[in-house]
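Hi there,

Here is the structure I promised to send over. Have a look at it first, and then read on for what I found in it.

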Amino acid sequence: MLDPPPAKKSLGQHFLVDRSYCRRILRLAAIGEGDPVLEIGPGTGLLTERLLEAGARVVAIEIDPDMVNHLTDRLAVRYPSRLTLVQADVLAVDWEALPVPIPSKVVGNLPYNIASRIIQKMMPIKHRFQSLTLMLQKELAQRLLASPGGGDYGYFSVLGQYHFRAVAGFDVPAGAFRPPPKVRSHVLRLEPTETPGEISSWRPLQRLLRAAFAQRRKTLFNNLRAAGVPAPALEGFLRECGIPARARAEEVPPAGFLCLARMLQSAV
């Protein structure tokens, strides 16, 4: 087997080296014969190879040109009709130009330092995906899975749950990677949901959430008042949405924020 290039710290590379976790990722993603798969960050290709062995048709996005050359020599020559390598930054990729059927299944070991940005990039185009099975820093996974009232629940929890149903998967220890990361990892699955029709765009919701969680120790009323929502109108909105006047943002379920977004939108 060809030796892969060394991991690059500048790219946040931590390569999965334990094949048993590759098999678990395939099970969680429900990969089957002929499935179209978009892989983000294939790295050394350990998971890519398992996907191809399962019969998937894989389009893999990799930013590192040295790793693309390695994957070309190691896998593309063996699977010329079922593996397409795209050298690109996933944060800047032209999704329309990717040669992947719609909808496809996404799998990936996301660079932990940009994982939340990648997920947010995929929110507006979620119709392109059947599911997203992602390796994340466990802290980020907990935020996507969090319920109201907990310390992990916040802006990203509500925004993520507006777009996806999050399904917990399994933890992956640092020893399963080379080099081992300094953080815990978790694999979860995100299933795109139908966007509620009460609001015309998710952007107003995003702005609302930024204001609502601006200062976690303040009440939702005070945070939104500081963002410019008039007090009399805000009192009525909270009452209409069934949100206690003294509630903090972390205590409000996603449905409450959707109601507020609708109210604010109608008031414009």
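In helix α7, the buried residues are W202, L205, Q206, L208, L209, A211 and A212. They pack against α4, α6, α8 (220-226) and α10. Before going further, please keep in mind that this is a predicted model.

One of those partners, α6, deserves a closer look. Helix α6 (residues 155-163) packs against helix α7 (residues 202-212) with the two axes 9 Å apart and at an angle of about 160°. Angles over 145 degrees count as roughly antiparallel, and α6 and α7 are therefore roughly antiparallel to each other. The crossing of α6 past α7 is right-handed. On the α6 side the contact is made by Y155, V158, L159, Y162 and H163, and on the α7 side by W202, L205, Q206, L209 and R210. If you wonder about the spacing of such positions, an α-helix has 3.6 residues a turn, so residues three or four places apart point the same way.

How much of α6 is covered? Mostly covered is the verdict, with eight of its nine residues buried. These are Y155, F156, S157, V158, L159, G160, Y162 and H163. The elements that cover them include α4 (115-122), α5 (138-145), β7 (164-172), β9, α7 and α10.

Strand β9 brings me to a histidine. H186 sits in this strand, which spans residues 185-192. Is H186 buried or exposed? Its relative accessibility is 8%, and buried means under 20%, so H186 counts as buried. The side chain of H186 has two polar partners to look at in the backbone: the nitrogen of G169, which it reaches at 3.1 Å, and the oxygen of F170, which lies 3.3 Å from a polar atom of that side chain. Setting aside residues up to four places away in sequence, H186 touches L134, M135, L136, K138, A141, L145, A168, G169, F170 and D171.

Now for the cysteines, which may interest you at the bench. The count of disulfides comes to one. It joins C241 to C259, with an S to S distance of 2.0 Å. C241 lies in the loop between α9 (231-240) and α10 (254-267) while C259 is in helix α10, so the pair ties together parts that are 18 residues apart in sequence. Which hand does the disulfide have? The torsion about the S-S bond of C241 and C259 is about -85°, so the disulfide is left-handed. Both ends are covered: C241 is buried with a relative accessible area of 15%, and C259 counts as buried at 10% relative accessibility. Another cysteine, C22, is buried too, at 0% relative accessibility.

Last, a residue from another part of the chain. A54 is found in the loop between α2 (46-53) and β3 (57-62). With a relative accessibility of 22%, A54 counts as partly exposed. Leaving aside neighbours within four places in sequence, A54 is in contact with L26, I31, G32 and E33. To get a feel for distances while you turn the model, you could pick A54 and F237: they are 183 residues apart in sequence, and their C-alpha atoms are 52 Å apart in space.

Happy browsing, and do write back with any questions.

Best wishes

Definitions and conventions
Residues numbered from 1 in each chain as written. Predicted model: local features only at pLDDT ≥ 70, side-chain atom pairs only at ≥ 80, totals over all residues. Heavy atoms only, no water. Disulfide = S-S within 2.5 Å. Helix = DSSP H or I, 4+ residues; strand = E, 2+ residues; numbered from the N terminus. Buried < 20%, exposed > 50% of the residue type's maximum accessible area, 1.4 Å probe, protein only. Polar contact = N/O pair within 3.5 Å; in protein donor to acceptor, adjacent residues only side chain to side chain. Contact = heavy atoms within 4.5 Å. Axes fitted to C-alpha atoms, helices over the stretch in contact; angles between N-to-C directions. Parallel < 35°, antiparallel > 145°, perpendicular 65-115°, else oblique. Left-handed = near helix turned anticlockwise from the far one by under 90°.
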